[in-house]
Structures are given as C-alpha cells and as structure tokens.
Amino acid sequence: MTEITRLSENIYRIRHWQGRMPRESLLSKYKIINLMPDGVPAETLSSSETNTAVLKRGYSLSFTLSADEDGGFSIKLPLTPADRMFGLGDESRDSLEKHGKIAVMKQANVTSYGPVPYLMSSRGWAVLLNCTYAHTFDIAATTPDLLQISCNKGSLDLIVFCGKDLHEALYLSGKVMGRPVMLPKGAYGLTFVLNEETTARTLLDDSLRFKEREIPCDILGLEPSWMSKHYDSTTEKKWNSDRFPIPYWQPENYYGSWSFIWNLKQMGRMLSLWLCCDYDLFWKEEGDSYADETNDNPNAVINDAHLNQGVRMDKVTKAGEPWFEHLKKFVDNGAEAFKLDGSSQVIPFPDRLWAGRYTDDEIRNLYPVVYAKQMKEGYAEYTGRRAMIYTCGTYPGTQKYAATWAGDTGCDSAVLLSLMNFAMCGHSNASFDMECDDKQKIHFGFLAPWSQHLGWANWQFPWYCGDEAEECYRWYAQLRSRLFPYLYAYAHIANTTSLPMLRPLSLQYFHTDRYDSIVNEYMLGDSFLVSVFDDHITLPEEDEWFDFFTGKKYTGPKQFIDTPTGIRGGSLFVRAGSIVVMQDWAHSLRDYRPNTLYVHIYPGKDTSFTLYEDDYATYGYEKGEYAQTLMTLEDNVLTIHPREGTYPDMPKAVDYHILWHHDDGSVTETAVENRGETITLKD
C-alpha cells in the first residue's frame with residue numbers, strides 16, 4: 001500500500017508497506033519530528049496499491065517503491081546532472097557534495113557520531129527518512145542516475161520537501177525536524193573543559209587566572225573526576241568529596257557562599273558537568289514505568305521469599321524515576337551546563353530490550369536524541385531557564401535540544417567537514433575540541449558557531465603553551481567576546497529559518513557548483529569568510545572583500561595565497577556591503593550589558609542587519625519576548641531604526657560608535673547618542 005499525504009504547503013509524506021499498516025516510527029511517536037507543522041492533520045492525497053508516486057512543484061519527483069512482507073523497504077529516486085546533493089550530517093568526513101557516495105546511516109563511536117538521514121538537492125528538493133533502523137543511502141554510486149534508500153527493517157516513511165533552492169529546503173525541513181535552539185548567552189563565548197586533575201581550588205584559581213590574563217571565558221567544565229565513582233552512569237552519583245567538597249552539614253543540594261560553585265558564579269562563570277548514560281530513557285517517552293512483577297501462580301508455595309518477584313536485568317534504571325530527576329540536586333548546587341559524553345550513548349547494546357519492548361537496532365540511532373531531549377526539557381521544566389546541553393551523538397531533532405561537538409576527534413580539516421555537513425542539515429550549534437598548541441586551531445576554534453577547548457588529559461592551558469600561543473589565544477578570545485552581538489543575531493536567524501551560522505560556500509552561493517570542492521573556507525553569518533588549515537584562498541566572484549586584519553580590499557573572483565603573520569592563525573575576510581555590530585570584550589558574557597555598540601560599516605552593496613536581543617537565559621523568546629533593531633545601508637547612507645519589541649528587564653538603548661572602513665584601509669569613527677529615534681548617517 002502506498003499512501004501520500006500533504007503535511008504542509010510543499011511538504012509531503014510518502015508511506016509504503018505490505019500487509020497491515022505499520023506503527024509510527026519512534027521519531028514521530030515521541031514528537032521529535034513534527035508531522036503536523038501547521039498544527040493541522042495531514043491531508044491524504046492518494047492511497048492505493050501502486051508502487052509509483054508523483055509529486056509536482058514546478059518539476060516532478062517520481063518514486064519507485066518496494067517493500068518486503070518480512071520488513072524492510074527500498075525507494076529509488078531519479079537524479080539529474082543538475083542535482084548536487086548535500087546533507088547526511090556527521091555520517092562520515094570525506095566529502096561535502098555527495099554524488100557517488102554510499103552512506104550507511106548508523107550511529108557509531110568516532111566514525112559516525114551524527115548520521116542524519118536528510119539529503120537535499122541544489123534544485124531545492126530534499127528528503128528526510130523517518131526511520132531509526134540502520135539504513136543506506138546510495139547516491140548515484142551503484143546506478144549513475146538514481147538515489148536509492150534502503151533498509152532491511154521497518155517500512156518506508158519518507159518526508160519530501162519541495163523548495164526552490166537550498167535555503168528554502170532547509171527552511172521547510174526545519175518545520176519538521178525542528179530549528180536550532182538558542183543557547184544561553186555564555187555558550188556563545190568560550191567553554192573551557194578542565195583537566196581531570198582539577199579540584200575545587202584549582203578550578204577557582206584557573207577561573208581567576210583567565211581574568212588576570214584578560215582571556216574571556218564563560219563556562220568551565222569538569223570531566224568524570226567530579227564524581228565519587230569515575231564514569232558513574234547510575235542515578236546514585238555524588239560529588240567527589242575529596243576534590244569538590246560540599247559542606248557536610250549542609251543538604252546535598254546546597255548552594256551558598258560556602259560552596260565553590262557560588263564563588264565561581266561571582267566571577268561570572270557557568271559550571272559544566274560531564275555525564276555518561278546508559279539509562280533506559282524510553283519508559284519516560286512511553287509514559288510508562290516498571291510494573292511490579294510477582295509470581296502469578298496462586299497455588300505455588302514459595303519458601304524463599306526473595307524469589308517471589310522478577311529480577312531486573314537492567315541494574316541502572318529505577319522504576320518510575322526519569323533520568324533528569326537525580327540531576328536536580330546538581331542544578332540546585334549551581335550546575336548550568338552538561339556535557340553528554342559519547343560513552344554508552346554511541347555504542348550498541350545488541351541484547352537489550354528498551355522499555356520492555358524495543359530492540360536495540362531500533363533504538364541505537366535514536367538514543368542520543370532522546371537523551372538530549374530529556375536533558376533540555378528536564379532542565380527547562382525545573383528551572384524555567386536554558387541550560388547549555390552539548391552532546392556528540394546526533395540524529396534528526398538534536399538541533400532543537402542541544403549543541404554538539406565533534407566528539408573525541410581533535411581539531412583538523414576533517415572536523416571542519418563534519419561541521420559543514422551538519423550545516424547542510426540545518427544544524428547550527430556545532431563545534432569541536434579546540435587545542436592551543438597551534439594558532440591555526442585557535443583561529444578555527446574561536447570562529448566556530450560555539451567554542452570549546454578540551455583539557456581532559458592534557459595541560460594545554462594557554463598560559464602553559466608559550467607567550468606567542470597565549471597572546472594568540474587572548475586576542476581571539478577577546479575577538480569572540482567582541483563579536484557577540486553579531487554572532488547572537490545569526491544564532492537567532494538559525495533559530496527562525498534553519499539557515500546555520502556556519503555556511504559552506506556551496507550553501508551561501510548555492511546557485512553555482514564552483515565552490516563544492518572548497519572545504520577549507522566557510523561563511524560565519526552573512527559577512528565573514530573564514531579560511532582554516534590552508535592558505536589557498538578563493539574569494540567568490542559575486543562580491544568584494546576586506547581583509548579583516550589588514551583592511552586591504554580585494555575584488556572577486558580571486559584566488560591567491562594568504563599566510564597571515566604574527567599571532568593570526570588563518571585568514572578572515574569581511575564581505576563588502578556588510579554591517580558588523582560589535583561590543584567591548586568582557587571577562588564573561590552572562591551578566592555583561594555594554595553601554596556602547598560599535599557598528600562597523602564595510603561599504604559595497606546595499607545591505608541590512610538586524611540586531612537581536614532577548615533575556616539570554618530563558619525561553620521567553622519563543623513567546624515573542626525579544627527586541628530587534630534594524631540597520632540598513634543604502635547608497636552609502638546608514639539608517640538605524642528605533643528598537644522594536646521588548647522583553648523582561650530590557651536595559652535602556654545603548655549608544656553607538658559608527659566605524660566606516662575605506663578601500664585604503666583607513667577607518668573613520670563617529671560617536672552617536674541613541675535617543676530611541678531614527679539615526680541617519682553618511683560617511
């Protein structure tokens with residue numbers, strides 16, 4: 001049976017099965033993906049025994065379907081030479097454009113942290129497979145003009161998005177997969193995960209050293225040694241009292257001036273705790289809990305009383321207790337961020353039955369998403385605030401619950417490719433383990449959507465890596481702090497459109513294939529072009545560019561070698577026709593409210609920028625609690641419109657310094673008092 005429904009304008013669902021109608025995929029059953037994007041039930045377009053479906057939106061998409069009575073399915077979709085294919089998440093790190101690739105979509109430690117069964121064409125159409133079993137995408141590898149998707153279990157459930165280009169495809173897919181969550185303010189600064197040897201005292205000393213050395217830092221993270229039992233995946237975990245003592249005469253959820261976390265917060269820092277988990281999260285998703293199981297033979301005589309009930313094979317999960325429940329005391333202690341380590345969430349449990357009903361082959365891809373979901377929702381329900389949840393395991397929906405990092409894979413060009421492939425799935429808040437032994441890694445780390453430095457088993461603190469490394473680290477950390485207004489504006493754009501902060505050139509300039517092989521450059525928002533690990537520069541022909549470091553102007557198209565000198569770790573260009581809003585750097589972002597914003601004008605094409613503000617801490621923005629300030633540049637005239645909107649405790653409007661960047665590298669600066677009226681200024 002083939003059933004075709006319309007979920008929304010230009011979004012369709014195709015299901016195909018043999019025999020009885022199958023149950024919903026767990027992705028949709030648990031509402032991780034949204035099959036009612038407009039809040040109304042799907043409209044059935046056809047239901048028949050045919051194996052071919054045709055959808056139209058200026059072009060035809062014709063599918064050939066097959067299904068096995070014992071489970072499993074395949075679907076074939078014609079490809080044309082005009083179809084440049086992108087997506088699949090962090091399934092592998094060998095290519096950006098996917099023609100000729102066979103991709104096995106299966107969660108696996110290190111080699112496949114983030115498979116996302118979403119694939120889109122440069123012509124604007126895209127598909128999402130609503131399936132959690134391991135499956136395969138064959139993208140014109142076996143047959144040159146066919147995309148073939150197959151799975152040996154389950155039934156076909158394919159969501160089809162009919163957009164006009166890559167940007168609209170991402171927008172439509174975000175209505176179903178969900179859009180990237182807005183992280184708390186500090187998450188867009190620096191997260192520094194400390195060495196395993198850290199204690200409460202060294203944690204505070206390191207926090208103070210960041211301040212003394214003028215290196216902005218926002219989140220300090222503890223690794224597994226914070227727990228009394230190393231790698232404790234149970235709900236019985238406690239603080240390692242030798243390393244992180246809580247006054248014994250206080251309750252275990254104590255937070256006060258005798259707590260080391262209280263002192264940390266006085267310095268403006270957030271605390272992150274490392275977690276591992278193999279808890280059965282699916283009882284909660286099912287709305288069930290363990291049932292009491294007793295011997296059901298009323299005539300049986302049991303002389304040994306401890307044999308009168310069942311014995312649980314799962315020794316970790318507690319009946320009726322959701323996973324997040326045991327973390328509440330650590331939230332009370334002051335924890336505001338959680339690192340969800342790969343650990344058990346990215347490895348199979350082949351003999352495990354989840355929630356008493358699902359085998360591991362159906363759960364394995366899904367587990368990391370449900371883990372992130374329960375962490376985000378648990379913290380929000382308990383506190384009303386955003387936590388910084390970051391995980392290495394990914395599947396559709398992860399982006400609306402958590403940030404990700406590239407797992408235990410370091411910091412290199414392959415990691416950049418993983419971030420690019422995530423971007424092609426609408427996943428924005430992605431990062432990796434930055435290191436400070438190389439200024440190229442520092443450059444890349446601080447110019448990612450969010451920045452995380454891993455010190456788990458090393459001593460790569462910037463002040464231990466030599467004067468040049470420390471100076472480089474300080475400069476980039478301060479730059480990132482200064483860039484917060486710009487970065488947060490593009491985090492908001494990702495949250496509303498699914499257009500990610502980090503964009504491969506193939507996504508920014510989607511109308512051409514000229515940039516499909518360029519994987520050492522990306523756009524960070526609309527204005528910045530970043531190059532990493534390679535000094536071969538390609539400037540797109542559509543624009544002119546300012547070198548951010550020197551002020552020198554270039555006209556595209558241009559290819560050349562650029563090797564930054566001194567403490568710069570890579571190239572950074574600003575597109576002519578940009579408005580870049582910055583602030584003074586701060587030791588930490590969370591409580592910082594600047595009095596002045598710096599509006600950098602890079603003249604060129606007419607352009608606009610919308611400064612975005614909210615309370616940076618809660619989900620009030622989802623209810624319209626935010627403010628925006630539109631800035632336009634037309635005929636070399638800057639107009640700053642009055643701020644619109646409001647949110648609780650919104651501060652007064654800040655003043656502006658307008659900086660005009662000229663072709664000869666000079667800069668003209670004008671101070672402007674902001675009285676809440678329209679500001680018009682010409683260089």
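Here are some questions and answers about local features of this predicted model.

User: Hello! How many residues does helix H8 have, and what does it reach from its first C-alpha to its last?

Analyst: Happy to help with that one. Helix H8 covers residues 367-383, which is 17 residues. At 1.5 Å a residue the expected span is 24 Å. The reach from the first C-alpha to the last is close to that, at 24 Å.

User: Is H8 largely enclosed or not enclosed by the rest of the structure, and how many of its residues are buried?

Analyst: Buried residues are those under 20% relative accessible area. In H8 they include Tyr 367, Pro 368, Val 369 and Val 370, and also Lys 373 and Lys 376. The helix is largely enclosed by the rest of the structure, because the buried residues number 12 of the 17.

User: Which residue follows H8, and what is its phi?

Analyst: Good place to look next. The residue that follows H8 is Gly 384. Its phi is positive, near 75 degrees.

User: Where does Ser 343 lie, and is it buried, partly exposed or exposed?

Analyst: Ser 343 sits in the loop between strand S17 (335-340) and strand S18 (353-354). Its phi is near 35 degrees, a positive value in a residue other than glycine. With a relative accessible area of 23%, Ser 343 is partly exposed.

User: What about Asp 635: what is its phi, and is the residue buried or exposed?

Analyst: Asp 635 belongs to the loop between strand S36 (626-634) and strand S37 (637-640). Phi is positive here in a residue other than glycine, near 50 degrees. Relative accessibility is 65%, so Asp 635 counts as exposed.

User: Which residues does a cis peptide bond join, and what is omega there?

Analyst: The loop to look at runs between strand S30 (553-555) and strand S31 (558-561), and Pro 557 is found in it. The cis peptide bond joins Gly 556 and Pro 557, with omega at about 0 degrees.

User: Why is there no bond between the sulfurs of Cys 131 and Cys 151?

Analyst: A disulfide needs two cysteine sulfur atoms within 2.5 Å. Cys 131 is buried, at 4% relative accessibility. The closest cysteine sulfur to its own is in Cys 151, and that is too far for a bond, at 4.1 Å.

User: And how many disulfides does the count come to?

Analyst: Cys 162 gives another example. This cysteine is buried at 1% relative accessibility, and its sulfur is 18 Å from the closest cysteine sulfur, in Cys 425, too far for a bond. The count of disulfides comes to zero.

Methods. Residues are numbered from 1 along each chain as its sequence is written. This is a predicted model: local features need pLDDT of at least 70, side-chain atom pairs count only at pLDDT 80 or more; totals for chains, interfaces and linings use all residues. Side-chain values use heavy atoms; hydrogens and water are left out. Helices (H or I, at least four residues) and strands (E, at least two) are DSSP runs, numbered from the N terminus. The expected span of a helix is 1.5 Å times one less than its number of residues. Buried means under 20% relative accessible area, exposed over 50%, partly exposed in between (1.4 Å probe, protein chains only).
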